[in-house]
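I opened the coordinates and kept notes as I went. The entries below follow the order of my look-ups.

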Amino acid sequence: MFVYSICSAQTTKPVKTFPVVEKAVFDTINNYRVKNGLKKVIWCDKAYQAAYHHSYYLSDMKKIPKILHEETVDVENFEELVYFDDRLRKYISHGGSPYGVENIVTCDFDDWWFQRKDLNPIQNASKWIFLGWKESPGHNDGMLDKRVTHGAIAIVRELDGSYCRVVMVFYKY
């Protein structure tokens, strides 16, 4: 069964991505939204690029940053913070400032891939990610934000690492 791919395009190191799990989490969130009287979010490749870029950025870090929604970039030998709104604007440009929400989780691959023996690995992973966000009030609010219309989820794992970085980007088009 194909559950991940090796991706090295436009990156400095090869990583694994998990398109089947990304789609399963996305579908689970959409079902959850419908059960709560909201419209489904439409998958958007631009949102995926934003989510993938940040997942990759987080997977490349030697330590987990204090605030996961920021990135630091080297600007003439000093670090500058790049916030979620700025990253969203880079990928989603339709005039004005897009409104968006971002959920992030860092998890040990073995914990969520093989957690329950009665579920297959894709079900384990998608359930683990979804329930983690559902049980956190701020993350749950992001999944159930009635203003968002488009989005995507990206999961990145270093080939030599055990941690996955999962990023959800939803925005209002």
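Before the helix entries I fix one term: helices are DSSP runs of H or I, at least four residues, numbered from the N terminus. The model is predicted.

**Entry: salt bridges**

I searched for salt bridges and the count came to two. I noted the general point that side chains of opposite charge can pair when their charged atoms come close.

The pair I took up to begin with was K23 and D27, whose closest N and O atoms are 2.8 Å apart. Both residues lie in helix α1, four residues apart, which is about one turn of the helix. I then looked up accessibility. K23 has a relative accessible area of 44%, so I list K23 as partly exposed. D27 is at 31%, so D27 also goes down as partly exposed.

The other pair I noted is D145 with R147, with 3.0 Å between the closest N and O atoms. Is D145 buried or exposed? D145 is buried, because its relative accessibility is 8% and the cut-off for buried is under 20%. R147 is partly exposed, at 46%.

**Entry: strands β6, β7 and β8**

I went through the strand pairing next. β6 covers residues 100-108, and seven of its nine residues are buried. β6 runs antiparallel to β8 (residues 163-171), and nine bridges join the two strands. For registry I wrote down two positions: V101 stands opposite F170 in β8, and N103 stands opposite M168 in β8.

On its pairing with β7, I found β8 antiparallel again, with eight bridges between the two. In that pairing I recorded R157, whose bridge partner in β8 is C164.

How many of the nine residues of β8 are buried? Eight are, so I describe β8 as largely enclosed by the rest of the structure.

**Entry: A154**

I picked A154 for a closer look; this residue is found in strand β7 (residues 150-158). Its relative accessibility is 0%, so A154 counts as buried. Which residues does A154 contact, once neighbours within four places in sequence are left aside? I get E22, Y48, A51, Y52, S55, R165, V166 and V167. I also checked A154 against F18: the two are 136 residues apart along the chain, and their C-alpha atoms are separated by 7.7 Å.

**Entry: nonpolar cores**

I listed the largest nonpolar core, which has 24 residues; I29, W133 and I153 touch the most other members. At least two residues of this core come from each of α1 (19-35), β6, α5 (121-134), β7 and β8. α1 supplies the largest share, six residues.

For I29 I extracted the contacts beyond four places in sequence: F130, W133, M143, I153, M168 and F170.

There is a second, separate core of 21 residues, and its members include A47, F84, I92 and Y171.

**Entry: helix α3**

F84 came up again in α3 (residues 84-91), where F84, R87, L88 and Y91 are buried. Where do these four sit around the axis? They are on the same side of α3, because they cover an arc of only 100° around the axis.

How values were computed
Residues are numbered from 1 along each chain as its sequence is written. This is a predicted model: local features need pLDDT of at least 70, side-chain atom pairs count only at pLDDT 80 or more; totals for chains, interfaces and linings use all residues. Side-chain values use heavy atoms; hydrogens and water are left out. Buried means under 20% relative accessible area, exposed over 50%, partly exposed in between (1.4 Å probe, protein chains only). Two strands pair if DSSP finds at least two bridges between them. Contact means heavy atoms within 4.5 Å. A nonpolar core is a set of buried Ala, Val, Leu, Ile, Met, Phe, Trp, Tyr and Cys residues joined through side-chain atoms within 4.5 Å. The arc is that of the directions from the helix axis to the C-beta atoms. A salt bridge is a side-chain nitrogen of Lys or Arg within 4 Å of a carboxyl oxygen of Asp or Glu.
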